[in-house]
Amino acid sequence: MRKLGPWLAAPALVTLAVLAAVPIAGALWQSLFHETSREPARFVGLGNYVQLARDPEVRNSVLFTLQFVGTSVVLELVLGLAAALVLHAKFRGRGLVRAAVLVPWAIPTVVAAWIWRYVFDDYSGLMTYASDVSWFSDPFWARTIVIVADVWKTMPFTALLILAGLQTISDDVIDAARIDGAGPWRRFVHVTLPLLRPALLVALLFRTMDAFRVFDAVFVMTRGKSGTSVLQFLGYKALFDQGNYGKGAAISAVVFLLIATMTVFYVRSVPSRLMEADR
Amino acid sequence: MRLEVRSARKRFGDTVAVEDVSLRVAAGDFCVLLGPSGCGKSTLLRLVAGLEEATSGSVLVDGEDVTRMEPGDRDVAMVFQNYALYPHMTVRQNLRFPLEMRKVPDADARVRETADLLRIGDLMERLPRELSGGQRQRVAIGRAIVRRPKLFLFDEPLSNLDAQLRGDMRAELARLHRRLEATILYVTHDQVEAMTLATRIVLMNRGRVEQEDAPEGLYLRPRTLFAGRFIGSPPMNAIEGVVTRGKFEGAVSWPVEAPDGQSVLGVRPEDLRLGDGPWRGVIDLVENLGAERLIHLKVGDLSFVARAGPEGTFERGAEVALKPVRVHVFPA
Amino acid sequence: MTRVAAVVLVACSVAPFAWFASASFKGPREIAQRRPTLVPLEPTLDGYRGAVDKGLAGWMLNSLIVATATTLVTLPLAAGAAYALSRTRMRGRRILLGLVLAASMFPQVTLAHTLYGMLQSVGLVNTRAGPVFPYVSLTLPLAIWILASFFREIPAELEEAARIDGAGPVRTLVRVFLPVAAPGVFTAAILTFIYAWNEFFFALVLLTGNDVRTLPPGIATMPGQYTFPWGEIAAACVLATAPLLAAVLLLQRRIVSGLTAGAVKQ
Amino acid sequence: MLRIALAGLLLSLPQEPAPVELHFLMWKPHQREAWTRALRDFEKLHPRIRVRVEEGPHSSSELHAMLVTKLRARDPELDLFLIDVVWPAEFAAAGYLDPIDDLFSEEERKRFFPGPIEADTVDGRLVAAPFNVDAGLLYFRKDLVKAAPETWNQLAEQAAAITARHPDLFGYTGQFDRYEGLVCNLMELIRSNGGRMAPSLDERAEEAVAWARDRLIGPVAPRAVLNQRETESREIFLQGHAVFHRNWPETWKIANDPARSKVAGRVGLAPLPRFEGGRSVSTLGGWQLAIASHSPRRAEARALVRYLAGFDVQKRLTLETSHGPSLSAVMDDPDVLARFPHFAEMKRVFFAAEPRPRSPDYAELSDRLQQTLYAKLTGAEDGVAVLPALAPMAVLGLLVFYLSRGRRA
């Protein structure tokens with residue numbers, strides 16, 4: 001079976017090359033041309049990127065995307081950690097609680113977007129009991145709601161990753177700390193947290209990459225208005241609404257490069273052991 | 001059935017696991033590959049099994065070269081350290097599997113016979129996770145026996161069992177070896193298992209054969225200090241010194257028949273007699289093991305261990321005379 | 001204390017969906033009312049009937065077809081690669097796994113344009129087969145990662161025992177390896193299916209005809225020319241989520257182990 | 001040489017032409033039977049031509065995406081199709097449309113409403129034929145409003161007076177969500193103040209937008225309109241919660257349908273108000289018939305265009321689907337007026353309907369316009385301050401640094 005290795009891996013790797021690597025290369029190449037549904041392709045080198053840099057809508061989109069990623073990932077980590085601690089505690093009905101926590105993760109993102117749009121609907125939303133603010137037309141609230149929807153939807157995923165980390169910590173280490181007189185808080189800070197580092201890092205890595213790819217919530221809830229136009233949405237609009245293929249390719253290249261740099265920055269800092277592949 | 005290994009070598013990258021090993025196992029032999037962990041004994045076993053390919057050298061079964069042959073075609077059975085029972089199959093299916101692979105006609109009869117032999121008849125419909133360590137071990141052995149192979153390979157089969165169970169299983173293995181007149185190649189780091197089970201022991205160290213001999217031979221006539229100290233526990237006392245014209249001079253001196261030159265005098269704790277003799281030692285510690293006592297004493301700045309029966313009083317700090325009844329000399 | 005925290009956690013997780021589900025049973029008048037009622041006063045199935053009229057059944061069937069097709073294509077590819085990456089001492093294994101992990105990071109929009117052109121040239125735009133291609137490339141990395149983690153947990157002695165028992169490579173794979181790896185394969189299949197069922201970007205871009213649309217684009221573009229049917233949208237959302245909820249509640253342990261497989265090394 | 005000439009001759013002999021299948025792509029019709037009957041009659045007139053209809057998605061942006069895909073790929077299964085009134089410039093620039101100047105004489109073009117013809121003429125050439133017309137209209141509660149307001153300020157005053165007596169009513173609802181509808185609603189305010197939207201908002205345009213922000217949304221219309229489109233804003237009028245309401249012609253039928261509207265029978269119709277010194281302007285909508293430049297069946301497609309743009313078919317479809325015809329004469333027809341008395345009022349509005357700013361890059365132009373107008377209306381800059389945007393990322397970076405700093409666990 002040893003010699004079969006390369007043959008077994010080949011089909012998957014070829015698929016990935018053709019359906020992922022080639023399109024990425026295509027996008028990067030396409031971003032060097034000015035092409036629209038009305039005009040043929042014309043080489044402009046980095047012209048598209050210069051235009052993007054000068055376009056305030058793109059500037060706002062990059063900034064909001066970063067704000068979105070930062071806020072939602074940090075919130076998900078903190079809430080996820082809290083949820084994981086609750087799930088890790090021993091009490092009757094724990095399985096039920098875990099199932100309930102999984103519900104948001106299982107829900108399609110489009111559905112989650114509709115839910116929160118209905119909660120915050122000006123006319124017939126739940127929040128009309130709270131105040132008459134027209135939520136989605138106010139940039140601050142529109143952005144907050146998009147982040148809340150994402151945190152609500154994916155916090156369970158982070159919680160599960162951290163819970164897995166918690167479960168690898170053997171109870172007798174915690175007992176030892178208890179015997180050494182460490183109170184619950186100090187046990188958490190000096191024993192649990194340090195041992196949770198790998199799990200927290202992996203959760204951060206996965207979630208940051210995913211957060212950059214936000215699109216569904218913005219499309220359904222706000223269609224990018226009130227400053228919630230994330231990069232993927234901007235790329236979608238340029239490519240499929242405005243038929244500006246050069247601009248769309250350039251935006252999608254920016255998204256890709258942002259994620260690539262984050263990945264390199266992360267992979268260098270995540271303990272290589274996690275990336276360990278061989279036995 | 002005759003197994004022969006001719007100057008086998010195995011390298012993993014730049015580390016050499018087995019270095020030019022040759023050995024012969026006759027039919028009915030219980031040959032034990034003994035040595036510390038990392039000495040290459042398991043790798044050698046896997047070479048014989050065909051799970052690893054020799055970098056050079058060859059393996060012959062009944063004179064037939066099987067070096068490049070698939071494990072399944074070598075008519076060889078193996079019992080793994082972690083039993084390697086198929087978790088999704090019941091005991092019966094585990095036993096039947098090798099027979100199915102070979103399309104053996106009287107499979108059910110052989111399975112029943114093996115189950116009776118190993119007294120696991122009542123476990124047949126259970127899954128491996130529902131068995132105890134000892135039961136799993138017995139089923140693993142059953143899966144080897146049911147095939148009636150030319151050669152049985154054991155890879156430290158008892159190391160996962162507790163002391164009590166290990167003793168029982170050792171007796172069981174010895175009984176099976178006699179009943180089946182099986183030819184066995186057995187790997188262990190436990191010298192007690194080697195001494196009790198083996199008809200021949202191959203002591204290995206850092207990929208090479210240190211010494212190959214019957215158990216008594218290895219115990220009585222160790223050829224190197226390593227062999228001397230590996231067999232017997234607590235290990236043989238070793239005193240550095242020099243031999244000149246039939247007399248060893250070191251922290252102690254004793255007449256020996258050995259070539260002149262730097263040497264090491266080896267004395268087993270059980271070969272030391274306390275009470276009289278030219279050597280003087282001060283008792284440092286007395287360990288009471290019930291049936292016997294281990295007396296730790298200082299001779300000059302050397303520390304010795306001697307074995308004594310339950311009688312006799314030995315006080316810490318007391319001075320005592322002692323002499324060896326047998327010595328071994330090894331070139332340094 | 002943890003008991004209170006657990007209640008809060010459950011409430012926050014389930015309440016929003018529960019409220020939206022209750023909205024799905026409200027009639028058009030009650031739902032469009034200012035400051036809606038919490039529980040439907042006059043429950044009715046109009047929402048569900050309306051959603052079905054809009055083509056929900058078709059969307060659901062399309063989602064099922066696309067998700068199943070994706071899973072059936074992704075799993076064998078992933079199993080092969082995962083086996084090679086975790087069981088054989090293939091050269092360059094670590095780099096390949098790193099590449100595979102990187103492949104799961106690609107944003108959809110970057111793939112979109114060229115992939116759209118490729119699919120268009122073979123006439124696969126606006127067909128159910130269309131989205132399967134991007135879905136496979138997006139689910140492969142996750143599936144490989146999960147399967148590799150599961151395969152790594154299977155002791156090598158099992159295969160060696162089978163080889164010694166005389167089973168050839170194929171029989172070893174079929175009779176010994178796959179049955180033992182089945183739970184892992186099943187978990188990877190569920191997660192792949194759920195991803196394909198939930199995916200929105202490519203479904204929106206590649207499936208414009210209402211007869212081939214899957215659930216996400218169908219639901220997202222439900223507000224039509226004439227009505228903003230909150231009742232129908234809520235109903236469609238409930239029906240779109242039902243199969244997933246069932247899967248998650250029934251296979252919770254499996255899904256959890258899949259999600260955390262390998263993510264955290266002992 | 002002779003043989004080639006002969007072969008050429010043979011080919012051009014009038015043989016019995018083979019039957020042709022014409023592919024017509026349109027949106028999902030509301031009264032499909034009316035369309036089917038009209039097309040079957042066309043096939044009777046032209047036995048050689050079969051018409052195969054493909055129904056695209058209803059939303060115009062999705063139909064746009066589908067059409068561009070097919071046209072870029074020169075899809076053989078596309079001969080005739082419907083395009084929105086704002087697309088001719090883009091599609092003509094891309095070379096997708098087969099000009100049809102020769103199909104309608106100067107005289108015949110005059111029989112269409114001027115707005116659509118203007119929208120369908122690109123660089124002086126007629127590239128599409130108007131099929132139906134939409135225009136912004138003012139709906140109001142006849143039982144509450146004595147006479148429709150002439151000016152926007154009058155509307156505000158009347159609304160204030162009425163809502164004072166009926167506190168549960170809103171004064172006005174319209175479409176002010178950030179989408180194409182916002183451009184239509186605000187164009188009607190801006191143009192009726194004599195302002196211009198393209199290439200940028202001029203001073204009178206800014207005035208009109210300011211009026212909408214300060215005097216309309218909030219005091220008269222609920223702020224919710226900033227998140228509402230045609231359907232949500234109409235629902236409030238149908239539930240009887242609004243005095244005035246701006247929408248397209250099809251709202252007339254819905255508002256008078258008792259099954260769906262609480263105000264059926266109490267609905268008035270009028271041209272949209274204007275600012276002092278301006279004139280009432282409605283944004284032009286509606287669909288045009290266009291022929292694919294790459295289609296080998298252009299001759300047959302032109303026959304179908306003439307048929308569908310002809311008086312008889314326009315009249316029939318208007319009667320059966322109640323949409324606004326593109327030929328003005330149809331709205332004077334006694335049978336039509338008998339059926340739809342409100343058409344008399346609507347006709348004046350259709351004549352005053354103006355196309356939106358025209359450009360080959362309309363989608364981008366409209367998107368930027370929506371951005372600017374929405375920011376002005378909500379009074380909130382979309383801009384993201386750099387600091388609050390990067391702060392969370394900094395926290396994230398610190399977290400990663402802290403978590404990875406420890407000894408390789």
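This report covers the chains of a predicted complex, their contacts, their domains and one buried strand.

## Basis and confidence

Because the model is predicted, local features need pLDDT of at least 70 and side-chain atom pairs count only at pLDDT 80 or more, while totals for chains, interfaces and linings use all residues. Residues are numbered from 1 along each chain as its sequence is written, and chains are lettered from A and ligands numbered from 1 in the order in which they are written.

The predictor gives the complex an ipTM of 0.81 and a pTM of 0.84. For chain D the mean pLDDT (the predictor's confidence in each residue, from 0 to 100) is 88. In that chain, 95% of residues reach 70 or more.

## Which chains touch

Four pairs of chains touch. Chains A and C share the most contacts among them. A contact means that the C-beta atoms of two residues, placed from the backbone, lie within 7 Å. Chain A and chain B have no contact, and their closest C-alpha atoms lie 11 Å apart. Chain B and chain D have none either. Their closest C-alpha atoms lie 26 Å apart.

## Chain C against chain A

Here 83 residues of chain C meet 85 residues of chain A. On the chain C side, helix α1 (residues 2-23) supplies the largest share, 13 residues. Helices (H or I, at least four residues) and strands (E, at least two) are DSSP runs, numbered from the N terminus.

By class, this side of chain C has 57 nonpolar, 17 polar and nine charged residues. Ala, Val, Leu, Ile, Met, Phe, Trp, Tyr, Cys and Pro count as nonpolar; Asp, Glu, Lys and Arg count as charged; the others, Gly among them, count as polar.

## Chain C against chain B

This contact takes 13 residues from chain C and 18 from chain B. On the chain C side, the elements giving two or more residues are α8 (156-164) and α9 (169-198). Helix α8(C) gives the most, with six residues. The class split on this side is eight nonpolar, one polar and four charged.

## Domains of chain C

Chain C is assigned domain 1 (1-44) and domain 2 (55-260). These bounds come from an automatic or database domain assignment. The C-alpha centres of the two domains of chain C are 31 Å apart.

Eight residues of domain 1 of chain C are in contact with six residues of domain 2 of chain C. On the domain 1 side, α1 and α2 (28-32) of chain C each give two or more residues. Helix α1(C) gives the most, three residues. The domain 1 side divides into five nonpolar, two polar and one charged residue.

## Chain B

Chain B holds eight helices and 19 strands. Its C-alpha atoms fill a box of roughly 70 × 45 × 35 Å along the principal axes. Of its 332 residues, 38% are buried. Buried means that 20 or more other C-beta atoms lie within 10 Å of the residue's own; 12 or fewer makes a residue exposed, and anything in between partly exposed, with C-beta atoms placed from the backbone.

The chain is divided into domain 1 (3-226) and domain 2 (234-331). The C-alpha centres of these two domains of chain B lie 38 Å apart. Among contacts in chain B between residues at least 6 apart in sequence, 63% join residues at least 24 apart.

## Chain D

Chain D has 17 helices and 15 strands. Its C-alpha trace spans about 85 × 80 × 40 Å along the principal axes. Buried residues make up 47% of its 409 residues. Among contacts in chain D between residues at least 6 apart in sequence, 73% join residues at least 24 apart.

## Strand β13 of chain D

All five residues of strand β13 (residues 287-291) of chain D are buried, so the strand is largely enclosed by the rest of the structure. In a regular strand the side chains alternate between the two faces of the sheet. Trp287(D), Leu289(D) and Ile291(D) point one way from β13(D). Gln288(D) and Ala290(D) point the other way.

Two strands pair if DSSP finds at least two bridges between them. Strand β3 (residues 80-84) of chain D runs antiparallel to β13(D), joined by five bridges. Within this pairing, Ile83(D) has Gln288(D) as its bridge partner. Strand β6 (residues 129-130) of chain D is also antiparallel to β13(D), with two bridges. There, Ala129(D) is partnered by Leu289(D).
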